[in-house]
2 protein chains.
Amino acid sequence: MDRRLARMLHVLIHIDLHAGAATSKTIGAMLDTNPVFVRRMLRGLRERGYVEATKGPGGGWRMARPLSKITLKDVHDALGSSPLIGITVAHDHPSCPVERAVTKGLGLLIEGASKSLLKQLANVSVAEFAPTLPSVDDGKRSLKG
Amino acid sequence: MDRRLARMLHVLIHIDLHAGAATSKTIGAMLDTNPVFVRRMLRGLRERGYVEATKGPGGGWRMARPLSKITLKDVHDALGSSPLIGITVAHDHPSCPVERAVTKGLGLLIEGASKSLLKQLANVSVAEFAPTLPSVDDGKRSLKG
DNA sequence: TAGATTGTAACTATAATAGTTTCTTTTTCG
DNA sequence: CGAAAAAGAAACTATTATAGTTACAATCTA
């Protein structure tokens with residue numbers, strides 16, 4: 001069970017709310033994990049231009065695009081698109097007509113469900129998952145408001 | 001990625017087609033696996049009355065209910081209902097309002113997709129996955145025809 | 001009573017995900 | 001310039017879920 005999408009949404013919202021650049025160490029603390037794992041997770045998003053990283057003191061991660069312009073599907077794809085559906089077909093005995101019939105029928109069902117869920121993910125932006133509570137405010141919004 | 005449902009459908013159709021009782025060893029060969037694993041998989045289905053097992057020589061597995069009276073959801077449930085959706089929420093920092101918002105939103109999405117897929121599984125019987133090829137015939141059908 | 005079979009517990013193997021260590025590169029700032 | 005802060009990345013270890021194996025008891029048939 002892949003919780004990378006959930007963790008990534010959590011991270012992106014924090015990066016967006018963060019006043020300056022958020023370091024991998026700071027983000028790691030938010031996820032109760034380590035900086036290296038954070039860099040690994042963010043790598044795909046950096047390559048797609050959703051976030052950007054700067055090195056050296058004062059460096060870290062910043063959003064390179066607003067949360068409202070990134071969909072859950074974008075994030076899922078950037079993470080390496082693990083299967084959305086938790087069940088899969090089997091290939092234990094490929095010459096068996098019974099297995100082939102099951103693979104075909106169940107495969108169609110899984111494919112349909114997968115496409116349907118992917119369509120949903122493409123219709124929701126990360127911004128829609130950000131909490132609207134004022135208590136989350138860390139200074140960035142007050143600069144705007 | 002759980003392929004137990006696919007394997008189980010494969011097995012059930014074979015048991016149904018099989019002339020006498022199908023032994024765990026025979027079924028294991030079909031799945032390219034071992035008899036103990038087959039017994040473990042079939043345990044839940046036996047407890048729910050979908051199949052029955054007899055010990056001793058000539059023993060093995062038989063259907064206790066026609067394939068047309070067992071849905072994919074029945075099989076999925078009997079296998080211990082692993083999650084149908086491949087992504088899940090995270091609980092890294094439960095006091096964090098951002099994580100909570102993500103958990104809530106994504107959770108609803110996952111729950112909806114899961115229910116929708118489960119509903120589909122409940123609308124399909126195992127019989128609908130059996131191949132209709134005459135080449136699969138192993139003697140049982142010829143007794144009828 | 002012998003052998004075939006399931007039932008089951010306990011152990012081992014494998015693969016995916018996550019975590020850690022270590023080192024290099026880049027950047028800032030005194 | 002040189003020290004320290006940060007990302008980039010490779011290589012290794014740890015954890016967990018699934019699958020596979022071994023071993024043995026229970027039961028049934030002939």
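# Exercises on a predicted protein–DNA model

Helix H5 (97-122) of chain A, together with H2, H3, strand S1 (51-54), S2 and helix H4 (72-78) of chain B, forms the packing partners of the buried residues of H1(B). Packing here rests on contacts, that is, C-beta atoms placed from the backbone and lying within 7 Å. Helices (H or I, at least four residues) and strands (E, at least two) are DSSP runs, numbered from the N terminus.

This is a predicted model: local features need pLDDT of at least 70, side-chain atom pairs count only at pLDDT 80 or more, and totals for chains, interfaces and linings use all residues. Residues are numbered from 1 along each chain as its sequence is written, while chains are lettered from A and ligands numbered from 1 in the order in which they are written.

**Exercise 1.** Determine how many residues of H1(B) are buried.

*Solution.* Step 1: a residue is buried if 20 or more other C-beta atoms lie within 10 Å of its own, exposed if 12 or fewer, and partly exposed in between, with C-beta atoms placed from the backbone. Step 2: by this rule 12 of the 14 residues of H1(B) are buried. Among them are Leu5(B), Met8(B), Leu12(B) and Ile15(B).

**Exercise 2.** Compare the expected span of helix H1 (residues 4-17) of chain B with the distance between its end C-alpha atoms.

*Solution.* Step 1: the expected span is 1.5 Å times one less than the number of residues. Step 2: for the 14 residues of H1(B) the rule gives 20 Å, and the end C-alpha atoms are 20 Å apart, so the two agree.

**Exercise 3.** Identify the residues closest to DNA strand D and the element that gives the largest share of the surface near that strand.

*Solution.* Step 1: a residue is near a strand if its C-beta atom, placed from the backbone, lies within 6 Å of it. Step 2: 28 residues surround DNA strand D, and the closest are Ser24(A), Ala53(A), Thr33(B), Asn34(B) and Gly56(B). Step 3: helix H2 (24-30), helix H3 (35-47) and strand S2 (60-63) of chain A, and helix H3 (35-47) of chain B, each give two or more residues to this surface. Step 4: H3(A) supplies the largest share, five residues.

**Exercise 4.** Describe how strand S1 (residues 51-54) of chain A pairs with S2(A).

*Solution.* Step 1: two strands pair if DSSP finds at least two bridges between them. Step 2: S1(A) and S2(A) have four bridges and are antiparallel. Step 3: Ala53(A) stands opposite Trp61(A). Step 4: five residues lie between the strands of this hairpin, in which Gly56(A) takes a positive phi near 80°.

Note on methods: Two residues are in contact if their C-beta atoms, placed from the backbone, lie within 7 Å.
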